[in-house]
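Good morning, everyone, and thank you for making room for me on the agenda. Please have the sequence and the model open in front of you, since I will be pointing at particular places as I go.

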Amino acid sequence: MTTTYTVTGMTCGHCVSSVKEEVGEVPGVTGVDVDLATGLVSVHSEHPIDTAQITVAVAEAGYEVVSS
């Protein structure tokens with residue numbers, strides 16, 4: 001399954017890498033795609049992931065989830 005979140009504050013490739021790394025460490029996440037231009041982060045998983053876990057992971061990277 002795939003869930004998409006809108007993340008603010010990303011401005012460069014390093015931002016994308018940071019978000020991918022932090023979100024990728026959330027248990028159950030099997031893949032992460034980030035579109036820098038739109039701020040969309042697609043999280044792939046075998047089962048639903050708690051939005052709070054994704055929000056915390058994005059915050060760890062230094063950014064903010066504004067919608068899911």
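I will go through the sheet, then the helices, and then a few individual residues.

Before anything else, please keep in mind that this is a predicted model, and that the numbers I quote are computed from it.

Let me begin with the sheet, where 4 strands form an open arrangement in the order E2-E3-E1-E4, with antiparallel pairing. In that order E2 and E4 stand at the edges and have a single partner strand each, so one side of each is left without a neighbour in the sheet. If you look along the sheet, you will find that neighbouring strands are turned against each other by 35° on average, with direction ignored.

Now let us take the pairs one at a time, beginning with E2 and E3, which pair in the antiparallel sense over 6 bridges. These two strands form a hairpin with 4 residues between them, and in the turn Gly39 has a positive phi of about 80°. Within this pair, Val29 stands opposite Ser45 in E3, and I will return to that serine shortly. Moving on, E1 and E3 are joined in the antiparallel sense over 5 bridges. Here you can follow the partners residue by residue: Thr2 stands opposite His44, Thr3 has Val43 as its bridge partner, and Thr4 stands opposite Ser42. The remaining pair is E1 with E4, again antiparallel, over 3 bridges, and one of the partnerships there is that of Val7 with Val65 in E4.

What about the helices? Helix H1 lies across E2 and E3, and it runs at about 160° to E2.

For helix H2, which covers residues 51-61, I would like to ask which residues are buried. They are Ile54, Ala57, Val58 and Ala61, and they cover an arc of only 100° around the axis, which puts them on the same side of H2. It helps to recall that an α-helix has 3.6 residues a turn, so residues three or four places apart point the same way. The buried residues of H2 pack against strands E1, E2, E3 and E4 and also against helix H1. On the face turned away from that buried side, H2 carries the exposed residues Val56 and Glu60. Just after the helix, Gly62 takes a positive phi of about 100°.

Let me return to Ser45, which lies in strand E3. Is this serine buried or exposed? With a relative accessible area of 6%, Ser45 is buried. A polar atom of its side chain lies 2.6 Å from the backbone oxygen of His47. If we leave aside its neighbours within four places in sequence, Ser45 is in contact with Met1, Gly28, Val29 and Thr30, and you will recognise Val29 from the E2 and E3 pairing, where it stands opposite Ser45.

Another residue worth finding is Leu36, in the loop between E2 and E3. Leu36 is partly exposed, with a relative accessible area of 33%. Setting aside its neighbours within four places in sequence, Leu36 is in contact with Met10, Thr11, Cys12, Gly13 and Val16. As for Glu22, it is 14 residues from Leu36 in sequence, and the two are 16 Å apart in space, C-alpha to C-alpha.

That brings me to the cysteines, and to a question about the whole structure: how many disulfides does a search find? The search finds 0 disulfides. Cys12 is in no disulfide, and the nearest cysteine sulfur to its own, that of Cys15, is 3.4 Å away. Cys15 is likewise in no disulfide, with the sulfur of Cys12 as its nearest at 3.4 Å. Why does this pair not count? A disulfide here requires the two sulfur atoms to be within 2.5 Å, so a pair at 3.4 Å is not counted as one. As for their surroundings, Cys12 is partly exposed, with a relative accessible area of 31%, whereas Cys15, at 5% relative accessibility, counts as buried.

Thank you for listening, and I am happy to go back to any of these places if you would like to look again.

Terms used:
Residues numbered from 1 in each chain as written. Predicted model: local features only at pLDDT ≥ 70, side-chain atom pairs only at ≥ 80, totals over all residues. Heavy atoms only, no water. Buried < 20%, exposed > 50% of the residue type's maximum accessible area, 1.4 Å probe, protein only. Arc of directions from axis to C-beta. Contact = heavy atoms within 4.5 Å. Polar contact = N/O pair within 3.5 Å; in protein donor to acceptor, adjacent residues only side chain to side chain. Pairing = 2+ DSSP bridges. Axes fitted to C-alpha atoms, helices over the stretch in contact; angles between N-to-C directions.
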